[in-house]
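Hi everyone, thanks for making time for this one. I'd like to walk you through a model I've been looking at, so have the viewer ready and follow along with me.

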Amino acid sequence: MFINTLPIIFTYTSLFNAVEAIIFLSAIFCLVYFYTPACNERWKDRPSKSWYLLLNSAWLGHAALWRAFWPFFLLVNIILYYIDYRISNITYTIASWKTVHGMMILPIIWWITSVWRCSENTSHKLWSVAARSVTLYLVLELILRFFISTQFPHTLFDCRLLVMEYGDCL
């Protein structure tokens, strides 16, 4: 996350600078820390026998935090890195890029809900806070990506592609 968006925001806009971004992300982390409940020490991890049961138990908040957090965190970062790689090689258009983001909306909602519900199922409060903060950082990343695609599309996309809509790069 923030691999391409923050450098573009820092370089091409005056929306905020690096110091303001660090202060803002740290403030989010501190707020999440104060509003995260204590961990449940009596909770015991029960591994699921199938993917459906794992997804269901994570959604209900009955899975271990690492089972709800890490698989999707890695998947979403691989997808974001891949679509940015495709853009840098001029093989994706703005429409393709936005389509991939649209396809990720429902899994992201599932992931955020699962992480917040499972955050009590860990041994240290700091892990809960970090996981919850990262989900909020992902939402900020998606907002920044939408901002870049609508206000500064020329920074990411090659506007000479013929398959691109005319109005996307004005």
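I'll start with the overall picture, then go through the helix packing, and finish with a few single residues.

Please keep in mind that this is a predicted model. The protein has seven helices and zero strands, and along the sequence the pattern reads α-α-α-α-α-α-α. Along the principal axes, the C-alpha atoms fill a box of roughly 60 × 40 × 20 Å. Of the 170 residues, 39% are buried. If you take the contacts between residues at least 6 apart in sequence, 74% of them join residues at least 24 apart.

Now to the packing. Two packed helices are described by the angle between their axes and the distance between the axes. I'll give you both for each pair.

Let's begin with α6, residues 105-118, and α7, residues 125-151. Their axes come within 9 Å and cross at roughly 155°. How do these two run relative to each other, parallel or antiparallel? An angle over 145 degrees counts as roughly antiparallel, and therefore α6 and α7 are roughly antiparallel to each other. The crossing of α6 past α7 is left-handed. On the α6 side, the contact is made by Ile108, Trp111, Ile112, Val115 and Trp116. On the α7 side you'll find Ala131, Arg132, Val134, Thr135, Leu136, Leu138, Val139 and Leu142. Sorted by class, that contact of α6 with α7 has eleven nonpolar residues, one polar and one charged.

Please keep α7 on screen and bring in α4, which covers residues 65-88. Here the angle between α4 and α7 is about 25°, and the axes are 11 Å apart. That makes α4 and α7 roughly parallel to each other, and α4 also passes α7 in a left-handed crossing. From α4, the contact uses Leu65, Phe69, Phe73, Val76, Leu80, Ile83 and Asp84. From α7, the partners are Trp127, Ser128, Ala131, Val134, Leu138, Glu141 and Arg145. The split for the contact of α4 with α7 is ten nonpolar, one polar and three charged residues.

α4 has another partner, α5, which spans 94-103. α4 and α5 pack at an angle of about 175°, with axes 10 Å apart, and they are therefore roughly antiparallel to each other. Ile79, Leu80, Ile83, Asp84 and Ile87 of α4 meet Trp97, Val100 and His101 of α5. By class, the contact of α4 with α5 counts six nonpolar, one polar and one charged residues.

Let's go back to the start of the chain for α1, residues 5-12. Which residues are buried there? They are Thr5, Leu6, Ile8 and Ile9. Looking down the axis of α1, these buried residues fall within an arc of 165°, so they line one face of the helix. What does that face pack against? The buried residues of α1 pack against α7.

Now for some individual residues, starting with Phe69. Phe69 sits in α4 and counts as buried, at 7% relative accessibility. Beyond its neighbours within four places in sequence, Phe69 is in contact with Trp111, Val115, Ala131 and Val134. Take Val134 as an example: Phe69 and Val134 are 65 residues apart in sequence, yet their C-alpha atoms are 9.5 Å apart in space.

Arg117, in helix α6, has a relative accessible area of 41%, so Arg117 is partly exposed. Setting aside residues up to four places away in sequence, Arg117 touches Trp59, Leu60 and Gly61. For Arg117 and Trp59, the separation is 58 residues in sequence and 7.3 Å in space, C-alpha to C-alpha.

My last stop is backbone torsions. Most residues other than glycine have a negative phi, and most peptide bonds are trans. So, for your own inspection, here are two residues with a positive phi that are not glycine. Phe2, in the segment before α1, has a phi of about 65°, and Phe2 is buried at 15% relative accessible area. Ile90, in the loop between α4 and α5, has a phi of about 55°, and Ile90 is partly exposed at 39%.

That's my tour, and I'm happy to take questions.

Technical notes: Residues numbered from 1 in each chain as written. Predicted model: local features only at pLDDT ≥ 70, side-chain atom pairs only at ≥ 80, totals over all residues. Heavy atoms only, no water. Axes fitted to C-alpha atoms, helices over the stretch in contact; angles between N-to-C directions. Helix = DSSP H or I, 4+ residues; strand = E, 2+ residues; numbered from the N terminus. Parallel < 35°, antiparallel > 145°, perpendicular 65-115°, else oblique. Left-handed = near helix turned anticlockwise from the far one by under 90°. Contact = heavy atoms within 4.5 Å. Nonpolar A, V, L, I, M, F, W, Y, C, P; charged D, E, K, R; others polar. Buried < 20%, exposed > 50% of the residue type's maximum accessible area, 1.4 Å probe, protein only. Arc of directions from axis to C-beta.
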